[in-house]
Amino acid sequence: SIPLGFFGGIGAASANGILIKGSNYLEALTDIDIAVFDKTGTLTEGVFEVCDVKIDDCFDKDFVLDYVAVAESYSNHPIATSILKYYGKKTDTSLIDNFEEIPGYGIKASIQGNKILIGNEKLMKENNICFESTTKIGTVVYIAINDIYAGYIIISDKLKEDSKKTIDNLKLLGIKNIMLTGDNENIAKYICDTLELDKFYANLLPHEKVEKLEQLYSKNLNKKILFVGDGINDAPVIARADVGICMGALGSDSAIEASDIVIMTNSLYKLVEAIKISKFTKKIVI
Ligand code: ADP
Ligand code: MG
């Protein structure tokens, strides 16, 4: 039978904007050993701003940006939103012949018979594009038109203001902190250093995020692992963890469904509150 006190805990959590889908998850929160985080939308705001645009001299900048905007208007990724905000004009979406979203890589489209690739280094390498790699810190979005490198856009995202405080508190609770991201090594290392995380893994494809979690389980036998994500490209990881948590303010329906706990706001610190409520509730039950 389920101890009554756990219902009290679930109620207290819900009053704090934390939806816990069952008393077993509240119980599981009491003895977590490792917290694994997605980057975009979880540790960071997930609100990107374009901070640098470099279009190759061989191309007309307006032409390239028009094409990029048309293609990105078919994507729901936070990167697409920020590029369209920077572009600031209406796009003529009727120009597009074909559009494909390639999770973990970027997008591929055909506009007026021209092929356009927009995404990370992996997307460029996969398509054998000869491109100029940049070490600038930020999420770098490379562009290729008809398989010719056309330039890059650098987008920066801010850490959530409570991310550092959350990690500091998790450490005090004896929890190790690890970040998984599809984004590049430079930005991942910067975030790892700033937040003083124990470890990070960068350049991961959505399915590689699940594989990393499996590896963490096999390296840490009998350890309890929680995962927090925003649901964009990480619903399978949310589903696999002992406790899968989704940041609900941005989260997709499939991620909310896959998760055991939903944080109804953008505040990551709710995670610490949930763990504290679970420990407190357990004390009362015993
Ligand atoms: P994260 O782990 O940071 O949440 P995602 O798996 O959501 O990363 O995305 C991984 C990478 O794929 C992004 O960092 C970006 O380089 C590329 N990408 C995804 N969607 C787009 C898009 N619409 N336009 C350009 N690049 C994209
Ligand atoms: Mg994500």
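**Notebook: sheet, ligand shell and domain contacts**

I began with the sheet: six strands form an open sheet in the order 3-8-7-6-5-4, and the pairing is antiparallel. I note at the outset that the model is predicted. I then looked up the edges: strand 3 and strand 4 (96-102) each have a single partner strand, so one side of each is left without a neighbour in the sheet. For the twist I recorded an average of 20 degrees from one strand to the next.

**Entry: strand pairs**

I went through the pairs by their bridges. Strand 5 and strand 6 are antiparallel and share six bridges. In this pair I found Gly106 opposite Gly119 of strand 6. Strand 6 and strand 7 are also joined in the antiparallel sense, over four bridges. Here Leu117 faces Ala144 of strand 7 across the pair. Between strand 7 and strand 8 I recorded seven bridges, again antiparallel, and Tyr142 stands opposite Tyr152 in strand 8.

I also looked at how strand 7 leads into strand 8. The two strands form a hairpin with two residues between them. In that turn, Asn146 has a positive phi of about 50 degrees.

**Entry: strand 7**

How many residues of strand 7 are buried? I recorded seven of its seven residues as buried. I then sorted them by direction: Thr139, Val141, Ile143 and Ile145 point one way, while Val140, Tyr142 and Ala144 point the other way. Both sets are buried. Tyr142, which faces Tyr152 in strand 8, and Ala144, which faces Leu117, therefore belong to the set that points the other way from Thr139.

**Entry: helix 5**

I turned next to helix 5 (residues 78-87). The buried residues I recorded there are Pro78, Ile79, Ala80, Ser82 and Ile83. Against which elements do the buried residues of helix 5 pack? They pack against helix 3 (39-43), strand 3 (44-55), helix 4 (61-72), strand 7 (139-145) and strand 8 (148-159).

Lys85 lies in helix 5 as well. I asked whether Lys85 is buried or exposed. Lys85 counts as exposed because it has 12 C-beta neighbours inside 10 Å, and the limit for an exposed residue is 12 or fewer. I also took its separation from Leu26: the two are 59 residues apart in sequence, and their C-alpha atoms are 40 Å apart in space. Just after helix 5, I recorded a positive phi of about 70 degrees at Gly88.

**Entry: shell around ligand 1**

I listed 23 residues that surround ligand 1, and the closest are Thr40, Ser75, Gly106, Asn120 and Gly182. The elements that give two or more residues to this shell are helix 3, helix 5, strand 5 (106-111), strand 6 (114-119) and strand 7. Gly106, one of the closest residues, is the residue I had noted opposite Gly119 in strand 6.

By residue class, I recorded eight nonpolar, eleven polar and four charged residues in the shell. From which domains does the shell draw its residues? At least three come from each of domain 1 (4-45 + 160-285) and domain 2 (46-157).

**Entry: the two domains**

I then examined the domains themselves. The assignment gives domain 1 (4-45 + 160-285) and domain 2 (46-157). Their C-alpha centres lie 31 Å apart. Across the boundary, 17 residues of domain 1 are in contact with 15 residues of domain 2.

On the domain 1 side of this boundary, helix 3, strand 3 and helix 8 (185-195) each give two or more residues. The largest share, three residues, comes from helix 8. I classed the residues of this side as six nonpolar, eight polar and three charged.

**Entry: two loop asparagines with positive phi**

Lastly, I looked up two asparagines in loops. Asn203 sits in the loop between strand 10 (199-201) and helix 9 (206-219), and its phi is near 55 degrees, a positive value in a residue other than glycine. With 15 other C-beta atoms within 10 Å, Asn203 is partly exposed.

Asn222 is placed in the loop between helix 9 and strand 11 (225-229). Its phi is near 65 degrees, again positive in a residue other than glycine. Why does Asn222 count as exposed? Asn222 counts as exposed because it has 6 C-beta neighbours inside 10 Å.

How values were computed. Residues are numbered from 1 along each chain as its sequence is written. Chains are lettered from A and ligands numbered from 1 in the order in which they are written. This is a predicted model: local features need pLDDT of at least 70, side-chain atom pairs count only at pLDDT 80 or more; totals for chains, interfaces and linings use all residues. A residue is buried if 20 or more other C-beta atoms lie within 10 Å of its own, exposed if 12 or fewer, and partly exposed in between; C-beta atoms are placed from the backbone. Two residues are in contact if their C-beta atoms, placed from the backbone, lie within 7 Å. A residue is near a molecule or strand if its C-beta atom, placed from the backbone, lies within 6 Å of it. Ala, Val, Leu, Ile, Met, Phe, Trp, Tyr, Cys and Pro count as nonpolar, Asp, Glu, Lys and Arg as charged, and the others, Gly among them, as polar. Domain bounds come from an automatic or database domain assignment. Two strands pair if DSSP finds at least two bridges between them. Axes are lines fitted to C-alpha atoms, for helices over the stretch in contact, and angles run from 0 to 180 degrees between N-to-C directions.
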